[in-house]
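Trainee: Got a minute to go through this one with me? I'd like to talk about how the parts fit together.

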There are 2 protein chains.
Amino acid sequence: MMDTTVRQSCDSCPIRHRAVCARCESDELQELERIKYYRTHEAGHPICWAGDDMTFVASVVKGAATLSQTMEDGRTQMVGLLLPSDFIGRPGRTTMAYDVTAASDVTLCCFRRKPFEKMLATTPHIGERLLDMTLDELDAAREWMLILGRKTAREKIASLLSIVARRELAIGMGFTGASKGMTIDLPLTREAMADYLGLTLETVSRQISALKREGIIVLHGKRQIEIPDMAALMRQTGDEVTA
Amino acid sequence: MMDTTVRQSCDSCPIRHRAVCARCESDELQELERIKYYRTHEAGHPICWAGDDMTFVASVVKGAATLSQTMEDGRTQMVGLLLPSDFIGRPGRTTMAYDVTAASDVTLCCFRRKPFEKMLATTPHIGERLLDMTLDELDAAREWMLILGRKTAREKIASLLSIVARRELAIGMGFTGASKGMTIDLPLTREAMADYLGLTLETVSRQISALKREGIIVLHGKRQIEIPDMAALMRQTGDEVTA
DNA sequence: CGCACCTTTGACTGGCCTCAAGAGACGTGG
DNA sequence: CCACGTCTCTTGAGGCCAGTCAAAGGTGCG
């Protein structure tokens with residue numbers, strides 16, 4: 001389940017300037033270092049379950065994790081896709097509200113909950129950053145609602161690809177080869193994509209095949225997707241291009 | 001569009017202890033009073049549009065407002081249902097991201113944005129409360145995602161009714177007549193409900209008729225809905241009853 | 001009364017789900 | 001090296017739920 005527990009300096013941290021600690025001064029970082037530890041989880045393994053007691057909150061350092069809800073008859077809906085710098089957990093709450101799963105190999109920077117909450121109360125830089133990040137997540141959730149409620153299967157797939165492409169560009173992954181094209185690493189199985197989009201895995205597979213057939217995407221293996229022309233993909237999302 | 005602009009004391013405010021100002025001390029309230037003003041909007045009228053310049057942020061004092069997104073081909077998805085004490089606007093952002101509409105007659109307590117942001121930076125009580133409220137909204141958004149992505153039309157309707165019932169109970173409206181029954185005032189047209197749930201208004205109408213036919217709800221007029229047995233309604237939501 | 005708006009109901013269509021089978025990738029062990 | 005099992009993904013056939021199109025009923029207001 002958990003693989004390693006190491007400690008590492010914040011100085012060389014890849015998410016130093018995007019995570020919850022982004023606005024901290026060096027003395028505040030030092031205090032954070034005292035309550036933090038690293039954990040890694042293997043792809044496909046659970047990180048924690050809904051209802052679990054939360055002894056920590058954490059930042060995603062590397063990899064991707066998912067938040068999801070499951071109804072008792074098995075229907076599952078993903079409600080969060082956590083990429084590097086995203087925050088796991090809710091200060092002030094002792095139990096996890098969703099299932100958290102490692103979609104790919106994940107490295108977490110964990111903070112013990114109690115001392116973190118104490119710091120949150122005394123360090124405005126952390127609270128301010130957390131508020132900003134939460135507002136961003138709320139915006140993302142609302143964009144997601146439009147996808148779930150109103151978009152067709154094809155538009156859903158295109159929207160997911162463009163969202164991941166946008167995030168990977170922001171983090172500096174997704175090496176852009178040519179001018180307008182790029183390749184993204186999609187850390188999700190077909191089933192996880194279906195859970196994200198409110199579809200079945202068969203429909204996901206069919207739509208990806210269709211996009212491939214039409215040359216809008218090119219598959220390299222199952223999980224690496226080349227987008228030769230980002231504008232062409234965007235035209236499939238149903239979002240206004242105003243072109 | 002805007003009907004009245006009056007000022008009113010915080011002391012007698014019905015949302016004093018639930019809104020963004022909930023944790024403020026009396027001196028902080030006095031400062032808030034200086035930058036606040038009331039506005040009312042008639043049912044059905046827009047409060048502002050996506051892209052509008054935001055000169056204020058606000059709390060909903062009375063009535064209900066909706067946040068919604070519209071695609072250029074007209075498909076609309078509601079992404080927020082704002083009831084008394086909910087917050088409108090995002091500190092640090094100058095334009096509104098969504099269309100805001102008065103679902104019923106709405107009274108807003110508006111704060112001029114610039115001075116509010118200044119207070120936010122200097123008054124921890126406000127930022128803390130806003131973080132908590134934003135986290136609550138994020139949870140609500142995620143519950144909503146499950147509804148949009150995985151529930152059937154009937155389950156969606158039942159879920160909406162139970163959500164509104166829960167909120168009205170929390171605020172202290174929704175006079176409970178008997179033991180387990182209650183009556184709720186649904187401030188939404190069929191079309192607004194459809195936009196909330198990712199359905200068409202025809203499907204909403206059909207499902208409400210079905211619930212009425214089966215005695216799970218009783219209509220008094222179009223907008224007032226009696227729920228004789230809350231447990232019976234809950235059983236229609238698809239959520240675990242573990243009964 | 002006449003009009004506007006919201007709602008209800010019906011008939012039909014279609015997109016996605018369900019059920020099912022098979023293909024491809026990968027690791028294990030004989 | 002290949003048989004075998006497992007896991008993921010693909011593809012096909014058919015059915016159903018919700019969408020679409022259409023018309024009529026209700027309610028409130030000038």
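Mentor: Sure. Let's start inside chain A: between domain 1 and domain 2 of chain A there are seven residue pairs in polar contact, both residues at pLDDT 80 or more. A polar contact here is a pair of N or O atoms within 3.5 Å; within protein, one must be able to donate a hydrogen and the other to accept it, and residues adjacent in sequence count only if both atoms are side-chain atoms.

Trainee: And which elements give two or more residues to the domain 1 side of that contact?

Mentor: Those are β5 (76-82) and α3 (124-150) of chain A. Helices (H or I, at least four residues) and strands (E, at least two) are DSSP runs, numbered from the N terminus. The largest share of that domain 1 side, four residues, is from β5(A). By class, the side of domain 1 of chain A that touches domain 2 has seven nonpolar, five polar and two charged residues. For the classes, Ala, Val, Leu, Ile, Met, Phe, Trp, Tyr, Cys and Pro count as nonpolar, Asp, Glu, Lys and Arg as charged, and the others, Gly among them, as polar.

Trainee: Before I go on, what are the ground rules for the numbers?

Mentor: This is a predicted model, where local features need pLDDT of at least 70 and side-chain atom pairs count only at pLDDT 80 or more, while totals for chains, interfaces and linings use all residues. Residues are numbered from 1 along each chain as its sequence is written, chains are lettered from A and ligands numbered from 1 in the order in which they are written, and side-chain values use heavy atoms, with hydrogens and water left out.

Trainee: OK, where do the domains of chain A start and end?

Mentor: Domain 1 is 26-145 and domain 2 is 152-234, with bounds from an automatic or database domain assignment. Their centres, taken over C-alpha atoms, are 25 Å apart. Domain 1 of chain A puts 14 residues into the contact and domain 2 puts in eleven, where contact means heavy atoms within 4.5 Å.

Trainee: How many salt bridges between those two domains?

Mentor: Two. A salt bridge is a side-chain nitrogen of Lys or Arg within 4 Å of a carboxyl oxygen of Asp or Glu. A:D86 and A:R167 form a salt bridge, with their closest N and O atoms 3.0 Å apart.

Trainee: What about the area buried between the domains?

Mentor: About 1000 Å² between domain 1 and domain 2 of chain A, with carbon and sulfur atoms giving 63%. Buried area is the accessible area (1.4 Å probe) that two parts lose on being put together, summed over both. On the domain 1 side, A:M78, A:L81 and A:L83 lose the most area to domain 2, together 38% of what that side buries.

Trainee: Switching to the chain pair, how much do chain B and chain A bury?

Mentor: About 3800 Å², 54% of it on carbon and sulfur atoms. In chain B, the residues losing the most area to chain A are B:R142, B:M145 and B:R150, together 21% of what that side buries. The contact joins 43 residues of chain B to 41 residues of chain A.

Trainee: How many salt bridges are there across that interface?

Mentor: Twelve salt bridges, plus 28 residue pairs in polar contact with both at pLDDT 80 or more. On the chain B side, α3(B) gives the largest share, 18 residues. By class, that side has 18 nonpolar, nine polar and 16 charged residues.

Trainee: Give me a salt bridge to look at there?

Mentor: Try A:D139 with B:R90, at 3.0 Å, N to O.

Trainee: Now the DNA. Which residues come nearest to strand D?

Mentor: Out of 17 residues around DNA strand D, the nearest are A:R190, A:S205, A:S209, B:A153 and B:T203. A residue is near a strand if one of its heavy atoms lies within 4 Å of it. A polar side-chain atom of A:R190 is 2.7 Å from a phosphate oxygen of DNA strand D, and for B:T200 the corresponding distance is 3.1 Å.

Trainee: And which base contacts turn up on strand C?

Mentor: A polar side-chain atom of A:E202 lies 3.1 Å from a base nitrogen of DNA strand C, and one of B:R206 lies 2.8 Å from a base nitrogen of that strand. Still, of the atoms of DNA strand C within 4 Å of the protein, 63% belong to sugar or phosphate. The largest share of the surface near DNA strand C, five residues, comes from α6(B).
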